[in-house]
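I opened the model today and kept notes as I went. Here are the sequence and the structure.

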Amino acid sequence: QVQLVESGGGLMQAGGSLRLSCAASGSIFSINAMGWYRQGPGKQRELVATITSDGSTSYADSMKGRCTISRDNAKNTVYLQMNSLKPEDTAVFYCYARALSGIRWGDYWGQGTQVTVSS
């Protein structure tokens with residue numbers, strides 16, 4: 001099995017910055033894509049950013065220019081640096097990984113970390 005544990009959420013003022021981390025552990029042979037999703041109050045979960053094993057990245061339009069996703073393959077860890085935070089960024093942020101565990105590829109999710117941005 002694969003476990004993802006996020007950290008770094010919290011309460012921030014608008015305009016501030018925050019760095020989220022997510023470490024994958026367990027029976028992992030390989031990780032392909034990793035990423036971050038978020039779910040705001042009363043909203044559906046939406047993509048924030050993804051990064052492949054070779055470092056290719058993609059971002060949601062709402063976050064382009066305000067966040068950077070990176071990963072440390074040796075540590076099976078993905079990061080999300082967010083800047084110029086807005087109240088509408090308030091959400092639970094979930095880490096995602098597509099990983100090979102045993103003989104199967106699977107999609108794994110963290111438990112989520114709350115990010116609250118006050119105006």
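The entries below follow the order in which I looked things up.

**Ground rules**

I am working with a predicted model, where local features need pLDDT of at least 70, side-chain atom pairs count only at pLDDT 80 or more, and totals for chains, interfaces and linings use all residues. Residues are numbered from 1 along each chain as its sequence is written, and side-chain values use heavy atoms, with hydrogens and water left out.

**Cysteines**

I began with the disulfides (a pair of cysteine sulfur atoms within 2.5 Å). The structure holds one. C22 is joined to C95, with 2.1 Å from S to S. C22 sits in strand β3 (residues 18-26) and C95 in strand β9 (residues 91-101), so the bond ties together parts that are 73 residues apart in sequence. For strands I use DSSP runs of E with at least two residues, numbered from the N terminus. I also looked at the torsion about the S-S bond: it is about -85°, so the disulfide is left-handed.

Next I checked burial. My scale is relative accessible area: buried is under 20%, exposed is over 50%, and partly exposed is in between (1.4 Å probe, protein chains only). C22 and C95 are both buried.

Why does C67 not form a bond? The closest cysteine sulfur, in C95, is 14 Å from the sulfur of C67, too far for a bond. C67 is buried as well, at 6% relative accessibility.

**The four-stranded sheet**

I then traced an open sheet of four strands. Its order is β1-β3-β8-β7, and the pairing is antiparallel. β1 (2-7) and β7 (67-72) stand at the edges with a single partner strand each, so one side of each has no neighbour in the sheet. On average, neighbouring strands here are turned by 15° against each other, direction ignored. The axes behind that angle are lines fitted to C-alpha atoms, and angles run from 0 to 180 degrees between N-to-C directions.

Strands count as paired if DSSP finds at least two bridges between them. β1 and β3 pair over six bridges. In that pair, L4 stands opposite A24 in β3. β7 and β8 (residues 77-82) also pair in the antiparallel sense over six bridges. There I found S70 opposite Y79 in β8.

Which side chains of β1 are buried? V2, L4 and E6 are, and they point to one face. Q3, V5 and S7 point to the other face and are not buried.

**The core**

I looked up the largest nonpolar core. By that I mean a set of buried Ala, Val, Leu, Ile, Met, Phe, Trp, Tyr and Cys residues joined through side-chain atoms within 4.5 Å. The largest one has 28 residues, and W36, L80, M82 and F93 have the most contacts inside it. Among the elements that give two or more residues are β4 (30-39), β5 (46-51) and β11 (113-118). β9 supplies the largest share, five residues.

I followed F93 further, counting contact as heavy atoms within 4.5 Å. Beyond its neighbours within four places in sequence, F93 touches residues including E6, L20, W36, V48, L80, M82 and V115.

**Aromatic rings**

Rings of Phe, Tyr and Trp (its six-membered ring) pair if their centres lie within 6.5 Å; planes under 30 degrees apart are stacked, over 60 edge-to-face, and the rest tilted. A search of the whole structure gives three such pairs. Y37 and Y96 have ring centres 6.0 Å apart and planes at 70°, so this pair is edge-to-face. Y37 lies in β4 and Y96 in β9, so parts 59 residues apart in sequence are tied together. Y37 is partly exposed at 22% relative accessibility, while Y96 is buried at 14%.

Y37 also pairs edge-to-face with W109, at 5.0 Å centre to centre and 70° between the planes. W109 lies in strand β10 (residues 104-109) and Y37 in β4, so this pair ties together parts that are 72 residues apart in sequence. W109 is partly exposed, at 36%. Ring pairs link Y37, Y96 and W109 into a cluster.

**A last glycine**

My final stop was G102, in the loop between β9 and β10. G102 is partly exposed, with a relative accessible area of 39%. Which residues does G102 contact, leaving aside its neighbours within four places in sequence? They are S27 and F29. The C-alpha atoms of G102 and S27 are 7.0 Å apart, although 75 residues separate them along the chain.
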